[in-house]
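Start with the sheet. Follow its strands one pairing at a time, then turn to the helices.

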Amino acid sequence: KSEVDMCLTLFNTAAMFLIVFQPAGQSWKEGFVRWLGIFALLGLSTMSKFHYGPAMVLIPCVLFWAVQRRWGEFKHTLNPVGWLLWLGPIGVWIGLVLARIPNAVEIWQLETIGRAVGDLSTRPIWFFLGPILWMTLPWTPLWLWEVPRSWRAAVQEGNANERFVWCWLLAQLAIVSLQPDKHPQYILSALPLFALWTGRRLSLLHQSGVWMKYRWSRAQAVVVSAGIAAISLAIAWVSKEVWPWMGEWGIAIGFVLGIGGIAATWFNSIGRHDRSIALLCLTACGLLICGLGGITPGRDHWRAQAEFSRRVQTLAGEQPITGYKLYFSPLYYLGPELQNFEEDDTLRKRLEQQQTLLLVSQERHLETLKQFGQLEPVTTMTAAERRLAGSDFPLACWKLTRREAFEIAEGTDARVVE
């Protein structure tokens, strides 16, 4: 999945880097160029996800200055050129959008204030604890091991870098946890912290030489290899019989794990620790490629809507497509000429003008659409697409004809029917 949050994470991490490595007490003039870069990154962050991006940078930054009592650092924010770099492009963009989409303000309010107050969805405040643990796999045990050492360095030893890391994590975690609307990708901007903790623990383990100290005996290698083989075969069987959507990717995961894991075990048992570690790294890369390349796209709940939308666009040809209360994926894949109507009155006026519309909407709106006119099914989601779409509601495409026009076409006087 290509979420905008991935791009946002790049900009925010770069801004954090420039902030944390700025020398304490640097004059306004000396920090001028650095803060031009920070403001430019804030501008890109705003263009990626409106106010949410800069908030994930500035709030941890202010918290860190307060903890360190570096009140003089606020002078760097008084940079008129930087503010122009930040707000100039977003101002132009807002103007262009408003000129094309007059009701853009309503959409922005829903996607910003609506998310903040829970108009879109509501999840518990501890929601992100789970995603943090599984999104950082397979490195989760390593950074959990490093957390106590980092906390001691920040609290007891007063290490500025460690304090910055904790200000970064706690501030961003509070921002995404306090708003009712929550999704796993919202916490992506904090994941670089776990990469830092993981990398440092790996470095410490490497320096200690622990990699080279343990060696499997032949008997242990046989048992471990048998266990790995059993797990690999189980994964392949499950992917074929229980989760067929995994397809050949599930079999590939079992194959990579089996070959790589068994070979690494036997290299360790004969004392070739370097080759064992290299094979483990290659195996981990292979599993990651299979997971991100095949498994994740196979479980993407937007995929079904994207494939359905492409099929509708092909069926429509040159005929314009109308949408009713569509969101996200269909809005993109149905093409830039799509007209999506959120209000019943605007759709009814459109139908009065055109008499007949090729309409795409969620099936749950069927009864409402029947009130507008005569519906003739064009295409619906396949069984596989319905399973993939899940709770996001299946989509359908109809030919919607104004009821009066339909009755006249059938040879009936609409006034008599009324």
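β1 and β3 run parallel and are joined by four bridges. Strands and helices here are DSSP runs numbered from the N terminus: E of at least two residues for strands, H or I of at least four residues for helices. Two strands count as paired if DSSP finds at least two bridges between them. Within the pairing of β1 and β3, threonine 322 stands opposite leucine 359 of β3. This is a predicted model, in which local features need pLDDT of at least 70, side-chain atom pairs count only at pLDDT 80 or more, and totals for chains, interfaces and linings use all residues. Residues are numbered from 1 along each chain as its sequence is written, and side-chain values use heavy atoms, with hydrogens and water left out.

Stay with β3. Six of its seven residues are buried, so the strand is mostly covered; buried means under 20% relative accessible area, exposed over 50%, and partly exposed in between, with a 1.4 Å probe and protein chains only. β3 also pairs with β5, this time antiparallel, over seven bridges. There, valine 360 has cysteine 397 of β5 as its bridge partner.

Now go back to β1. Strand β1 (residues 321-324) pairs with β2 in the parallel sense, over three bridges. Tyrosine 324 has phenylalanine 341 in β2 as its bridge partner.

Put the strands together. The sheet is open, has five strands and follows the order β2-β1-β3-β5-β4, with mixed pairing. At the edges lie β2 (339-341) and β4 (373-380), each pairing on one side only. Neighbouring strands are turned by 30° against each other on average, direction ignored. Axes are lines fitted to C-alpha atoms, for helices over the stretch in contact, and angles between N-to-C directions run from 0 to 180 degrees.

Which helices lie across these strands? Helix α13 (residues 303-316) lies across β1, β3, β4 and β5, at about 115° to β4. Helix α15 (residues 344-354) lies across β1, β2, β3 and β5, at about 150° to β3. Contact means heavy atoms within 4.5 Å.

Finally, look at a helix pair. The axes of α2 (residues 32-49) and α3 (residues 52-68) come within 6 Å and cross at roughly 140°. The two helices are therefore oblique to each other; angles under 35 degrees count as roughly parallel, over 145 as roughly antiparallel, 65 to 115 as roughly perpendicular, and the rest as oblique. Among the α2 residues that meet α3 are Trp35 and Leu42; the α3 side includes Pro54 and Trp65.
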